[in-house]
Amino acid sequence: MRNYSTAVYTTAEIREIEQLAAALPGPPALMEKAGLAAAEVARDRLLIYGRTRVLVLAGPGNNGGDAFAAARHLQAWWFKVTLVFTGQRSTLSSDAQRMLDAWLTAGGKLFAGIPENERWDMVIDGLFGIGLDHHEGRELAGQYLTLVNTVNRMNLPVLALDIPSGLGSDSGQVRGAAIRAAMTVTFIGLKPGLVTHQGPEYCGEILLDDLDLNTLSLREPASWIMDQLLAQTLLPPPRSASSHKGTYGSVGIIGGSTGMMGAALLAGTAALKLGAGRVYLGLIAGKALEVDTTQPELMLRPVHEIFKLDQLSCLVVGPGLGMRPDARFWLSSALESTLPLVLDADALNLIATHSSVANLLRKRKAPSTLTPHPAEAARLLNMDISAIQNDRMAAAANLAKKFNCCAVLKGGGSICAVSGGKRYINTSGNPGLSSAGTGDVLSGIVGALLAQGVSSENALLLAVYLHGAAADILLKQQGGPVGMTASEISNAARNLLNQWVYSPEIH
């Protein structure tokens, strides 16, 4: 196994790498290497403690060829292998045909379906891999739907080859049904579907084998994993003993209309706890609070006073903003400013609703950051939510391109799109974030990092990972995701940021 890579490749990019590798002098036997790698994982990780019986499912494409090779190696190591082949030899690629012939030459047998009244210790899923979208273009049906459901009902550990069958390689979308794997060994590079949308629920532990290819030299990736190693390269520096509140900037937050002041307070508290020197809340509500007694460090102002402040480092617009004409006016005023912006919640809905406001955003010279969830992204791109979720990678990129900004498409495996078409898939977070106010906290964290001088792109990436990592710590402390609150996220994120900035292993 190779070291875990941070590069992520779409199906089309993987196919391009395969073609480039085939054109190399003495081209590598990728299918044979993949089958051996899978067999070694099965042997070393799953076929332990006396387990010897393996059910292998080989599909009609190259994933089936990988399965033939894995089955042959396992049988040579004296494991009992039952191989179910769902395709036709005549339609296999030449490489897959060679793997099938090698299996038969080694004395292997083929079954058209799963034998009845047999028992196995594990299953290898080689039905589709990344070929599902290309070959099927639709949801699983017929024998494949039956096979997937049957395997899932067996309640056995499953090793998926490349990606669990039924899961979209680029989208992470379940196509009617998908194999629930205990482990997935993926080849050449990581795929988006492994780490975004529904993918993490189905992939189990992910192992990458690059098959001895120098993928970065063959195809430069446009997408990357956002993990702790990357996050820790984006941190603000340790604080100087001679610093003061002005050193760490001032965040202005615009929102808090009647009945929604809590959203602005959550964003402001997050900005304060994540290191902003000063935080001003411009509240739209007519009878707004003058002081928050639970967090008196926040400076509460009528919204018009925010635009008179000359010390602001950035503006966060949207938490509790509302959709009234005055909200639209203040959003437009923010868009016309030269300050870096973070736009969330109703700011996004106003942009989606009013073309004049959207045009102000597109024309901005200062950095802008959008933080939509799938429903808000659907409004911004004038698409159905299902279309957004079916291709989250493209949706994130389209948001950044359409609105001349950085953007994060929130949800499982949040996707950050930044300049140059680059995308980062976040690996932190859990369902505990599915509660009111967590998005407001994320916006406040981005604002705090901007105020401390972190670039807009790096502030977004670091905030998204930190936000999820804080939730992961709370998940362990609380024993589960139920009842996790947005206020707790701010405290956990503050503690984590301090650990990272002042950890001797980092600096």
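## The second largest pocket

About 720 Å³ of space lies in the second largest pocket of this predicted model. The pocket is lined by 37 residues, and those closest to its centre are Arg15, Glu18, Met31, Asn62 and Asp95.

Several helices contribute to this lining. Helix H1 (11-22), helix H2 (30-46), helix H3 (62-76), helix H4 (94-105) and helix H5 (132-135) each supply at least two residues. H1 gives the most to the lining of the second largest pocket, namely six residues. When the lining residues are sorted by class, 19 are nonpolar, 10 are polar and eight are charged.

## The largest pocket

The largest pocket has a volume of about 1100 Å³. Its lining consists of 45 residues, and Gly411, Gly412, Ser414, Asn430 and Leu433 lie nearest its centre. In general terms, empty space of this kind is revealed by rolling a probe the size of a water molecule over the atoms.

Helix H7 (192-195), helix H8 (199-203), helix H11 (261-273), helix H19 (438-451) and helix H20 (456-478) each supply at least two residues of the lining of the largest pocket. By class, the lining of the largest pocket divides into 16 nonpolar, 23 polar and six charged residues.

## The sheet of six strands

The model also contains sheets. As a general rule, the strands of a sheet pair through backbone hydrogen bonds, either parallel or antiparallel. One open sheet has six strands in the order E3-E2-E4-E5-E6-E7, with parallel pairing. Strand E3 (80-85) and strand E7 (205-209) stand at the edges; each has a single partner strand, so one side of each is left without a neighbour in the sheet. From one strand to the next, the twist averages 20°.

The pairing at the E3 edge can be followed residue by residue. Strand E2 (residues 53-58) runs parallel to E3, and six bridges join the two. Within this pair, Arg53 stands opposite Lys80 in E3.

## The sheet of 11 strands

Another open sheet is formed by 11 strands, in the order E1-E8-E17-E16-E15-E14-E13-E12-E9-E10-E11, and its pairing is mixed. Its edge strands are strand E1 (7-8) and strand E11 (299-302), each of which pairs on one side only.

Three pairs illustrate the mixed pairing of this sheet. E1 and strand E8 (residues 223-226) pair in the antiparallel sense over two bridges, and the bridge partner of Val8 in E8 is Ser223. E8 is also joined to strand E17 (residues 423-426) by four bridges, and these two strands run parallel. Here Ile225 has Ile425 in E17 as its bridge partner. Strand E12 (residues 314-317) and strand E13 (residues 341-343) pair in the parallel sense over three bridges, with Val316 opposite Val342 in E13.

## Helices packed against one another

How do helix H16 and helix H18 lie relative to each other? The axes of helix H16 (residues 374-381) and helix H18 (residues 392-403) come within 11 Å and cross at roughly 50°. This angle makes H16 oblique to H18. The crossing of H16 and H18 is left-handed.

H16 has a further packing partner in helix H14 (residues 346-353): the axes of H14 and H16 are 8 Å apart, and the angle between these helices is about 20°. An angle under 35 degrees counts as roughly parallel, and H14 is therefore roughly parallel to H16. H14 passes H16 in a left-handed crossing.

## A helix of the largest pocket and its partner

H19, one of the helices that supply the lining of the largest pocket, packs with helix H21 (residues 486-501). The axes of H19 and H21 come within 8 Å and cross at roughly 30°. H19 and H21 are therefore roughly parallel to each other, and their crossing is right-handed.

Technical notes:
Residues numbered from 1 in each chain as written. Predicted model: local features only at pLDDT ≥ 70, side-chain atom pairs only at ≥ 80, totals over all residues. Heavy atoms only, no water. 1 Å grid on protein atoms, 1.4 Å probe; cavity = no way out; pocket = protein on both sides within 12 Å on 5 of 7 lines; lining within 4 Å. Points joined across faces, edges and corners; volume = space filled by probe spheres on them. Nonpolar A, V, L, I, M, F, W, Y, C, P; charged D, E, K, R; others polar. Pairing = 2+ DSSP bridges. Axes fitted to C-alpha atoms, helices over the stretch in contact; angles between N-to-C directions. Parallel < 35°, antiparallel > 145°, perpendicular 65-115°, else oblique. Left-handed = near helix turned anticlockwise from the far one by under 90°.
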